[in-house]
Amino acid sequence: MKPSDRRRFLAGSATAVSAVLAGSSRLRADTPPPDVPAQLTPGLAALRLGPREQVRDSLQGFALDQVSLLPGPFADAADINIAYLHRLPVDRLAHNFLHQAGLPSSAAPLGGWESPECELRGHFCGGHYLSAAALAWAAHGDTTLKQRADELVGILARCQRSDGYLSAFPDSFFDRLSHGQKVWAPFYTIHKILAGHLDMYMHAGNRQALRTAIGIGDWTVHWLNGYSDTQMAAMQKTEYGGMNDALYELYAITGNGRYLDAAHRFDQASLFDPLAAHRDELQGLHSNTQLPKIIGAARRYELTGEQRYRRIAEFAWETISGTRCYANGGSSNDEFWNTGPDDLHGQLGIAAAECCVAYNLLKLTRHVYGWTGDPRAFDYYERNLYNARLGTQDPAGLKLYYYPLAPGSYKYFNSALHSFWCCTGTGAEDFARFNDNIYFHAPGELFVNLYVASQLDWHQQGLRLRQNTRFPEQDSSELSLHLAAPVQLRIHLRIPAWVAATPRLWINDELQDISASPGSYLSIERRWHDQDRLRLELPMQLHTLALPGDDQQFALMYGPLVLAAELPGAPVTAAMQHCDYWADPKPAIQLQPAPMPRPAAGKTATLAWIQSHAGQPLQFTADTTQGPVSVRPLNQMQAQRYALYWRQPES
């Protein structure tokens, strides 16, 4: 379906998913909510949103249906992901929910974290899948996924209890939580289910999904009312995902303050208080447990203007992206921050850089950027996107859990029907919306933040902008403007911090006299006409990035790309690369420890030890102490053993 057809569909459904708030399709403050049964939430059918929805973004992203990916690596990856989602049958996705509700199902249950024995069952099937399908519909117009997701929403609505409870496991899990008994993470799973239904409403116009989400929200409010703040603090020790974030979103949609209050009850003082005071006390914490809570804090600031929550989110972003990330933009080892800031010595494990962490860091970066327009945020976003996200999918659409960084390791992925890790779900979401966050806007201004082959349809300005590029295989991008009428507009082109020399800009084939510093914007304001063209050249070069806490270890970079050395070793077979472990995927990898590669002595100062291949973009050969080694972008590695970090030669 064409983007214009999707917009007509959404407008016809009387939803407000075409509005853009905080970088995604969200309800406008003046838009009435959909019809909701009065018995579910009294009075909601007559509710109109007031001034509570006060998103504090200086810059806004575009709706997903306004940006289309053109042929290139991101479009290819998105297509592969959609094909994977197509292979998941609705009856099997729904099985555990039907069984829990006492309704018949003849489908075979799925495996891994969606098996009937796993305490997280339902997180992917009733959550991530709905989010990914909604995003694929909004971003790519995939009608098959929309139809299947609509069908699943209908089935899950039948499974929802009259008090609003909906899950693939019994509510006795919450009794165990409240009594301090061992239980995996029941609110984590409820968060995914709630978020999936909210995405189906916001991005796919499904009113039934909102009714279900309101029911989940009401059940949550009722459950929380039974516990004191002291009891809540004890229960917060069990992972609860982004319950605050999802409840804030439900409040933003409905205007019902009970959801705002419920979200606030998930504030975790032990995490938020140090961050609000600009103290990094993250050592020893489970990384991905904390990030969704911080994203929730960001959302609270956007809705209430409370500066404390902006301080929490901004400092968390600064300290994690600036001091706790590997060269690829990922963070964590064995799922934890095991060390203090600026110290990753000893953290290059086979379970490094959990993919969910990179996913959530992108989301947090998006919030922070929207408040300030600071181009540094997109220097980090770009590094994460190309190096911690793009290379985490195999040709069948299966996803990584960890990004192994121990020398001699390799990438290993979930299996098609028997894994369903957390990172399977977040990966399916990320790969469905690679068209997001390329462009931003403010009144009279357009920001180009990513050099990704794409087309922007900015209807309000009568502008269609087409970005043709093979970046990063080439160091330039061309932007062509198609206008219904001339328009006065300031276009800001991000000049990345890694740029190796003065950028060059042509407008309509005329070289411009410009000055732009790395890590800033190049701004051009003029009256633009139909068929105007800009061509921006961003010179790239090899450079190094030390491992925080150990200057003797470094990563090799080319522009925004992290390069990896291909290491010898036993062949990596397909059986070795796909994992059915449901509790811990780490045992699947057959690590063949290898020494960290060292450049040949005497050449490190000038990087003369690494040479590019003529006519083969992004392919290099390194002269090392062990002989020549092939080097290429980490995101291109598939069935190879590799090393991301190098060791300085012995003096």
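This note goes through the predicted model of the chain point by point, from its overall make-up to its sheets, cores and aromatic pairs.

1. Overall make-up. The chain holds 18 helices and 24 strands, and of its 651 residues 63% are buried. Among the contacts with a separation of 6 or more, 72% are between residues 24 or more positions apart. The accessible surface amounts to about 22,900 Å², and carbon and sulfur atoms contribute 49% of that area.

2. The five-stranded sheet. An open sheet of mixed pairing is built from 5 strands, ordered β3-β6-β7-β11-β14. Because β3 (60–61) and β14 (520–528) stand at its edges with a single partner strand each, one side of each is left without a neighbour in the sheet. At the β3 edge, the partner is strand β6 (residues 439–442), and the two pair in the antiparallel sense over 2 bridges, with Gly-61 standing opposite Phe-440 in β6. Helix α16 (residues 375–389) packs on this sheet, where it touches β6, β11 (487–495) and β14, and its direction makes about 55° with that of β11.

3. The seven-stranded sheet. A further open sheet has 7 strands in the order β4-β8-β9-β10-β15-β12-β13, and its pairing is antiparallel. Its edge strands are β4 (67–69) and β13 (510–511), each of which pairs on one side only. Towards the β13 edge, strand β12 (residues 504–507) pairs with β13 in the antiparallel sense over 2 bridges, and Ile-507 is found opposite Glu-510 in β13.

4. Strand β10 within that sheet. Strand β10 (residues 476–483) is largely enclosed by the rest of the structure, because 6 of its 8 residues are buried. On one pairing, 7 bridges join the antiparallel strands β9 (residues 463–469) and β10, with Thr-469 opposite Ser-477 in β10, and a hairpin of 6 residues leads from β9 to β10. On the other, β10 runs antiparallel to strand β15 (residues 533–537) and is joined to it by 5 bridges; here Leu-479 has Leu-534 of β15 as its bridge partner.

5. Nonpolar cores. The largest nonpolar core has 118 residues, and Tyr-129, Phe-174, Phe-187, Leu-198, Trp-223, Tyr-326 and Tyr-645 are those that touch the most other members. Helix α4 (residues 124–140) supplies the largest share of this core, namely 12 residues. Tyr-326 may be worth viewing in detail: leaving aside residues up to four places away in sequence, the residues that Tyr-326 touches include Leu-344, Leu-348, Arg-383, Leu-405, Leu-547 and Tyr-645. A second core, separate from the largest one, comprises 98 residues, Trp-371, Leu-489, Leu-567 and Leu-618 among them. As general background, nonpolar side chains in soluble globular proteins tend to be buried together.

6. Helix α17. Helix α17 (residues 422–432) is mostly covered, with 11 of its 11 residues buried. The buried residues of α17 include Cys-422, Cys-423, Glu-429, Asp-430 and Phe-431, which shows that charged side chains are part of the list as well as nonpolar ones. The cover over these residues includes α2 (73–86), α4, α7 (186–204), α15 (355–372), α16 and β5 (413–414).

7. Aromatic pairs. Across the whole structure, a search finds 36 aromatic pairs. In one of them, Tyr-369 and Phe-440 meet edge-to-face, at 4.9 Å centre to centre and with 70° between the planes. Since Tyr-369 lies in helix α15 and Phe-440 in strand β6, this pair ties together parts that are 71 residues apart in sequence. Tyr-369 counts as buried because its relative accessibility is 0%, and Phe-440, also at 0%, counts as buried. Another edge-to-face pair is formed by Phe-447 and Tyr-521, at 5.4 Å centre to centre and with 80° between the planes. This pair links distant parts of the chain, with Phe-447 in strand β7 (residues 445–448) and Tyr-521 in strand β14, 74 residues apart. Phe-447 has a relative accessibility of 7% and therefore counts as buried, while Tyr-521 is buried with a relative accessible area of 18%, against a cut-off of under 20%.

8. An aromatic cluster. Ring pairs also link Tyr-165, Phe-169, Phe-173, Phe-174, Phe-187, Trp-219, Trp-223, Tyr-227, Tyr-240 and Phe-266 into a cluster. Of these, Phe-174, Phe-187 and Trp-223 also appear among the residues that touch the most other members of the largest nonpolar core.

Terms used. Residues are numbered from 1 along each chain as its sequence is written. Side-chain values use heavy atoms; hydrogens and water are left out. Two strands pair if DSSP finds at least two bridges between them. Helices (H or I, at least four residues) and strands (E, at least two) are DSSP runs, numbered from the N terminus. Contact means heavy atoms within 4.5 Å. Axes are lines fitted to C-alpha atoms, for helices over the stretch in contact, and angles run from 0 to 180 degrees between N-to-C directions. Buried means under 20% relative accessible area, exposed over 50%, partly exposed in between (1.4 Å probe, protein chains only). Accessible areas come from the Shrake-Rupley method with a 1.4 Å probe; for residues, only the protein chains shown count as cover. A nonpolar core is a set of buried Ala, Val, Leu, Ile, Met, Phe, Trp, Tyr and Cys residues joined through side-chain atoms within 4.5 Å. Rings of Phe, Tyr and Trp (its six-membered ring) pair if their centres lie within 6.5 Å; planes under 30 degrees apart count as stacked, over 60 as edge-to-face and the rest as tilted.
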